[in-house]
Structures are given as C-alpha cells and as structure tokens.
Amino acid sequence: MLPKLSVIGTGYLGATHAVCMAELGFDVIGVDVDEDKIKRLAAGEVPFYEPGLPELLTKHSGGGKLRFTTSYEEAAEFADVHFICVGTPQLPGQLAADVSQVEAAFHALAPHLTRKALVVGKSTVPTGTAVRMEALLAELAPCKDVELAWSPEFLREGFGVQDTLRPDRLVFGLHSAWAEQQLRVAFGPIIAAGTPVVVTDFATAELVKVSANSFLATKISFINAMAEVCETVGADVTALAAAIGLDERIGKHFLRSGLGFGGGCLPKDIRAFMARAEELGVAEALSFLREVDEINRRRRVRAIDLGGELLGGPYPGARIAVLGAAFKPDSDDIRDSPSLDVAATLGSQGADVVIYDPKAMDNARRAHPELGYAATLEEALAGAELTMLLTEWREFVAMDPEAVGGLVAKRNIVDARNVLDAAAWRAAGWQLRALGRP
Ligand code: UGA
C-alpha cells in the first residue's frame, strides 16, 4: 500500500510539492498555519502564479486525493511521511536565514506523532539544522521510532510542476535503511522514470542545496562581471557568453547577463551560507560569495546610470516606463526583485515611474504603493521619456519597436536583460543601451 503524505507549508515549494505528489498517485494532506491560504487552496485556488499548477490542483482536490488543513493533529493522524516545506527567509538586517518556521513546524508536528513515521525536511536550511531537528523529534514525539531525512528541493519558480515531477536528481540525507526505503517509495514514480538518487548524510544533503544555488549565483555574477569588462572595452557580452557556453565544460545555461539574480532563493541562500560559514569558522572559503553578491547589486546601479545617460541628465520629473516587476518572467514573485528595486530607486530619485508587469502588479503595488502602475503595457509606455525593460516577459521581448515608438514621448530604452534586437530598435529610431553591450 502506498504511504500517505503530508506537506507542511503551502508556499511556492509546499503547494507545488503537495499537488505534484497527488498527481503521482499519493493521498496528500497540505498543512499551513495561514488559514486564508488553506481556505483558498481548499477552494481550488493557487495563492500565487505558477503555470500548470491550478489545473492540477483542481484535478486532485476534486478527485479527493488532495486536501488541506490547519491541523497538525489531523496531518499526523493521516500521514506516514511528512514533508517540511516552510520558508527560511533572510533575517531582517542580517545575512543569516530565519529558521523559525522550520523550528515551529517541528514543534507543532512532533507531539502528535504517536506511530512510526518519517519526517522529511525539504526547506533550504543552514548546515546543522537537520541534526537539531532530529534531536527535537526524539525529545517531543511520543513514538520513539520516528525518523528524520533531509531531501532538498531544486525546483525553479515558473517551472515548479515540471521540476517536481521530473527533477534532475533526488538527494536523500538519512540515517537508516528504513528511511531510505520510505523515500524510495514516496518518490517511486520519479525514480522509476530514471531520476538519479544521491544517498548521503544530513550535512551533505543540506550543503548540496546551498552549494548548488551558490554555484548558479556565481555563474550569473561571473557573466555580469564580464559584462562590466565588456562595457569598458566595447565588447559584446552576449556574443561572449554564447562563445564560452559552447564549451561543454562551461555550458550555456545560467550565462544570461543583465540585471542579475533576485528572488526568494539565490540572494538569501548565498548570504545565509556566508553567515553559517562564519559561525563554523570557514568564512574565508566563501569570501568570494560576497563579491558575487556585490557584482549582482552593481548591475542595478549600472542600469540606472544607463537610463540617466539616455535622458541626458538626472531623473527628477522624468516619465519612465518600467517593464517588469517580478524577479523573473513567468512568476509573480517580487522578493528581492532587481526590477522592482531599480523602479523604487528611480522613484526615490524623483522620477515619475509607471510600472507594468503581466502577473506581479498586486504584489508590487503592496510593496511599493508610492510608485505608479499601469493596467497595460501600452498605458505604461504612453508618454514615456525613457523605457526600462527590467524583466524579460515574452510580451516585452516581442514588442515591435515601430509600433511602441508611436506611444512613447521619446524613443529611449534600456534593455537590462539583453533580449532585444538592438539593430532593429536602432533602425526604428530608438536610442538603446544594454548592459555589457556596445
Ligand atoms: C532557484 C534555483 O534555480 C532552483 O534550482 C532552486 O530550487 C530555487 O532557487 C530555490 O532555492 O528554491 P528560482 O529562484 O526560481 O530558482 O529562479 P532561477 O530561475 O534560478 O533564477 C534566479 C534569478 O537569476 C532570476 O532573477 C533570474 O532572472 C536570474 N538569472 C538566471 C540571470 O540573471 N541569468 C541567468 O542566466 C539565469
């Protein structure tokens, strides 16, 4: 018989995991302390934008394989394997991650575990957290046979469903053959499809996640550092990236230069990793991550400078169309969004900023009510003296320079994601500046 699953935490990671496990044939209960979120999920509504997820949620909540609750007691009674999928955001004013939601989830679940069960941490945590949570389970769970495993998640927002159903790899940090067996059953359909499994210890499993995100962040900052050099010598970073990416050892992925990385994961993960390394006395080993972070932030300043060059002076009063608020396309997530950060800086410098984003408008407006917002791309462009393309939504990449040229007051554009055909835009009379391109 298949084990029953609970998924604790129903944010981007947890909701996607719960729905996808139901899609794989398991009976799943999703748990969250946020009643509003649980109500919306129970009503078949995904509380964030993730392509493909609403359809699967409807399919499985309707079909009875998936339900939602705020009761840990109910989850403990129902499930044999419990996935911990709560967030670990950056602590305000610090580099370290806030693991209080992880601790709270273990504290809330453990006292209800009266029969043998496996608890599986999926949240991204500082090394050493799993060992602490194992001790907590031993102390608080009435059943002394409850075990812990750590299996980090690698899904990307916008590709959450496909990344969960067909991940590149599964990583199991564990302490017993029984735990491995449980995980091999819980991920049975994914393993059967040929997904490689790495079985290891807790510390390695925790580290795989943060080192993978650190590598990705480093790759992006590497190409953005090359963009800085290209700007000085008049070279083209997009051609450079294409050329070095053809070397299989380097690879073409994650070499898109531009405004840099943001979101709820890469920025806070490299910072939390540095903070943890400091605590562990190995800060020096990760000192390069500080540079990775700084290169990343410098791109925002550079994008703003390029806009100033096009305007021929400072920003006060300038009407600026900001295209994109989400940290990347196909997401409504504005956490640590480079685009929204640039928009807010322009606004604070006195520019008349009008933002349009296909999905992130509500989130952006809540975070920055002081900025201007437009209901459509056309409305954002109308009368603009400068256009800043900051998130590469398809709608923006596909703009016809001649058609949109008729809407703006001045044909000035900063392509901060290197996605426009510069020659075509210039031929249509636009002054175009891009990061790392002549
Ligand atoms: C990232 C990782 O890619 C996932 O594997 C991981 O599971 C996830 O974090 C997490 O820790 O939960 P995500 O934050 O959804 O996923 O976004 P990415 O697709 O990695 O993009 C991150 C940022 O890098 C975006 O702002 C994107 O615009 C930027 N980026 C990405 C570039 O600037 N250049 C690139 O070549 C690629």
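A salt bridge is a side-chain nitrogen of Lys or Arg within 4 Å of a carboxyl oxygen of Asp or Glu. This is a predicted model: local features need pLDDT of at least 70, side-chain atom pairs count only at pLDDT 80 or more, and totals for chains, interfaces and linings use all residues. Residues are numbered from 1 along each chain as its sequence is written, and side-chain values use heavy atoms, with hydrogens and water left out.

Q: What makes R433 and E309 a salt bridge?
A: Their closest N and O atoms are 3.5 Å apart. That is within the 4 Å limit, so the pair counts.

Q: Which parts of the chain does the pair of R433 and E309 tie together?
A: R433 lies in strand β14, and E309 in helix α13 (residues 287-311). These parts are 124 residues apart in sequence. Helices (H or I, at least four residues) and strands (E, at least two) are DSSP runs, numbered from the N terminus.

Q: Why is R433 called partly exposed?
A: Its relative accessibility is 27%. Buried means under 20% relative accessible area, exposed over 50%, and partly exposed in between (1.4 Å probe, protein chains only). R433 therefore falls in the middle class. E309, at 43%, also counts as partly exposed.

Q: How do you know that K116 and E147 form a salt bridge?
A: The closest N and O atoms are 3.6 Å apart, which meets the distance rule. The pair links distant parts of the chain, 31 residues apart. K116 sits in the loop between α5 and β5 (118-121), and E147 in strand β6 (residues 147-150).

Q: Why is E147 called buried?
A: E147 has 19% relative accessibility. The limit for buried is under 20%, so E147 qualifies. K116, its partner, has a relative accessible area of 33% and is partly exposed.

Q: What makes R132 and E103 a salt bridge?
A: Their side chains meet at 3.0 Å, N to O. That lies within the cut-off, so the pair counts. R132 is in helix α6 and E103 in helix α5 (residues 100-109), 29 residues apart. R132 is partly exposed at 41% relative accessible area, and E103 is partly exposed at 24%.

Q: How many salt bridges does this rule give?
A: The count comes to 33. Some join into a network: R271, D293, R297, R300, D336 and D341 are linked in this way.

Q: How do you know that E206 has no salt bridge?
A: The nearest side chain of opposite charge is R276, 7.3 Å away. Here Lys and Arg count as positive and Asp and Glu as negative; His and the chain ends are not counted. The distance to R276 is over the 4 Å limit, so no bridge is called. E206 is buried all the same. It lies in helix α10 (residues 202-233).

Q: Which residues does E206 touch?
A: Contact means heavy atoms within 4.5 Å. Not counting residues up to four places away in sequence, E206 touches V125, P126, T127, G128, T129, A130 and W150.

Q: Why is L140 called partly exposed?
A: L140 has a relative accessible area of 25%. That is neither under 20% nor over 50%, so it is partly exposed. L140 lies in helix α6 (residues 129-140). Beyond its neighbours within four places in sequence, it is in contact with H107, A110 and P111.

Q: What makes β11 and β14 the edge strands?
A: An open sheet of 6 strands runs in the order β11-β10-β9-β12-β13-β14, with parallel pairing. β11 (372-373) and β14 (431-434) each pair on one side only.

Q: How do you know that strands β9 and β12 pair?
A: Two strands pair if DSSP finds at least two bridges between them. β9 (residues 319-323) and β12 (residues 386-389) share 4 bridges, in the parallel sense. One bridge partner in β12 is L389, matched to L323.

Q: Which residues touch the most other members of the largest nonpolar core?
A: They are I320, L346, I355, M388 and M399, in a core of 54 residues. Helix α14 gives the largest share, 5 residues. A nonpolar core is a set of buried Ala, Val, Leu, Ile, Met, Phe, Trp, Tyr and Cys residues joined through side-chain atoms within 4.5 Å.
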